[in-house]
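User: I have a model open and would like to go through its fold and a few of its residues. Please keep the answers short and show the reasoning.

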Amino acid sequence: MKRSERGPWPYLFLTPAIVLFTLFLAVPIGYTVYLAMRRTKVSGLGLGRGARREVFVGFDNFAAALADAELWNGWLRVLGYGVLVLVVMLGLALLFALLLDSARVRLARFSRIAIFLPYAVPGVAATLLWGFLYLPSLSPIRDVLDVDFLGATTVTYSMANVAVWGGVGFNMLVLYTTLRAIPRDLYEAARLDGASEFQIAVRVKIPILTPAIVLTTVFSIIATIQVFTEPTTLRPLTNTISSTWSPLMKVYRDAFVTGDLYSAAATSIVIAAISLVLSFGFLRVVRSHAFREG
């Protein structure tokens, strides 16, 4: 069919997607960039009509965000938190996926549901659940382990535990679904060659799983950078979590506590840029091995 004979129908079908993309992605991003380049200028005592007006300041807000020590301290905390979460969560997800795909597994359906179920619990509810288990006056865990789970040296591990508990199931399901798509003939051929189940897992399954592992790692990196629910929900229960513990918490404080929307907009763009650099940087590093690209 020639392009002239198609008429407006392809564009008509695309219209809902274009409208949604424009309203809920392009416009908010554009408005954020607009706010990031402006600031309120106060004249005199700031009283009376026209005493406060919005002015264009270019990249001054970005420079201030990049020079803010609180933001980089938050990045350091998130970096330590992220390394812990990524290693444990993806390691357990891979282990559970391999175990569930084993030929000798029992109660596979129940196990899949049990591992995936925590992912279905909303983040705030899950964090509150664990938060109450961490409190000394309520936690039955404290009767067994004499550990202050909300202390200055342990609160990061406590938050990481919540993230791992909720995230293992999703990543396990992605990896397990990939494993189920592998032809069983490969396993039978490996067994005929004398390979054990462990050797099949290491030498056959994991190499085939590499693209899926990379995919789940990228998603997990993005989610870790955006950590907000766990520290914000646990913060009322302890004084060891500051209002700027993570970069997104700093954005929230600047925007809704101190009322500085312009700094918050600039900081959010910096966070988005760093997220893109880390995600695409990781993909670039592993691309040749995972996807056989040069």
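The questions below go from the overall fold to single residues.

User: How many helices and strands does the protein have, and what pattern do they follow?

Analyst: This is a predicted model. The protein has 12 helices and two strands. Read along the sequence, the pattern is α-α-β-β-α-α-α-α-α-α-α-α-α-α.

User: Is the protein more spread out than a compact globule or not, and what is its radius of gyration?

Analyst: For 294 residues the globule rule gives 19 Å. The protein is well over that value, so it is more spread out than a compact globule. Its C-alpha trace spans about 85 × 75 × 35 Å along the principal axes. The radius of gyration is 25 Å.

User: What share of the accessible surface belongs to carbon and sulfur atoms?

Analyst: Of the 294 residues in the protein, 35% are buried. The accessible surface comes to about 17900 Å². The share of that surface belonging to carbon and sulfur atoms is 68%.

User: How far apart are the mean positions of the positive and negative charges?

Analyst: The protein carries 26 positive and 17 negative charges. Taking the mean position of each set, the separation is 7 Å.

User: Is Asn61 buried or exposed?

Analyst: Asn61 is found in helix 3, which covers residues 60-66. Its relative accessible area is 4%. The cut-off for buried is under 20%, so Asn61 counts as buried.

User: Which residue has its backbone oxygen 2.8 Å from a polar atom of the Asn61 side chain?

Analyst: Leaving aside neighbours within four places in sequence, Asn61 is in contact with residues including Leu35, Ala36, Met37, Arg38 and Arg39. Tyr262 and Ala266 are also among its contacts. The backbone oxygen at 2.8 Å from a polar side-chain atom of Asn61 belongs to Ala36.

User: Is Val87 buried or exposed, and how far is its C-alpha atom from that of Thr238?

Analyst: Val87 lies in helix 4, residues 69-100. With a relative accessible area of 58%, Val87 is over the 50% cut-off and therefore exposed. Val87 and Thr238 are 151 residues apart along the chain. Their C-alpha atoms are separated by 26 Å.

User: Where is Pro10, and what separates its C-alpha atom from that of Ile115?

Analyst: Pro10 has its place in helix 2, residues 9-36. Its relative accessible area of 36% falls between the 20% and 50% cut-offs, so Pro10 is partly exposed. Along the chain, Pro10 and Ile115 are 105 residues apart. The separation of their C-alpha atoms is 43 Å.

Note on methods. Residues are numbered from 1 along each chain as its sequence is written. This is a predicted model: local features need pLDDT of at least 70, side-chain atom pairs count only at pLDDT 80 or more; totals for chains, interfaces and linings use all residues. Side-chain values use heavy atoms; hydrogens and water are left out. Helices (H or I, at least four residues) and strands (E, at least two) are DSSP runs, numbered from the N terminus. The radius of gyration is taken over C-alpha atoms; the globule rule is 2.2 Å times the number of residues to the power 0.38. Buried means under 20% relative accessible area, exposed over 50%, partly exposed in between (1.4 Å probe, protein chains only). Accessible areas come from the Shrake-Rupley method with a 1.4 Å probe; for residues, only the protein chains shown count as cover. Lys and Arg count as positive and Asp and Glu as negative; His and the chain ends are not counted. The place of a charge is taken as NZ of Lys, CZ of Arg, CG of Asp or CD of Glu. A polar contact is a pair of N or O atoms within 3.5 Å; within protein, one must be able to donate a hydrogen and the other to accept it, and residues adjacent in sequence count only if both atoms are side-chain atoms. Contact means heavy atoms within 4.5 Å.
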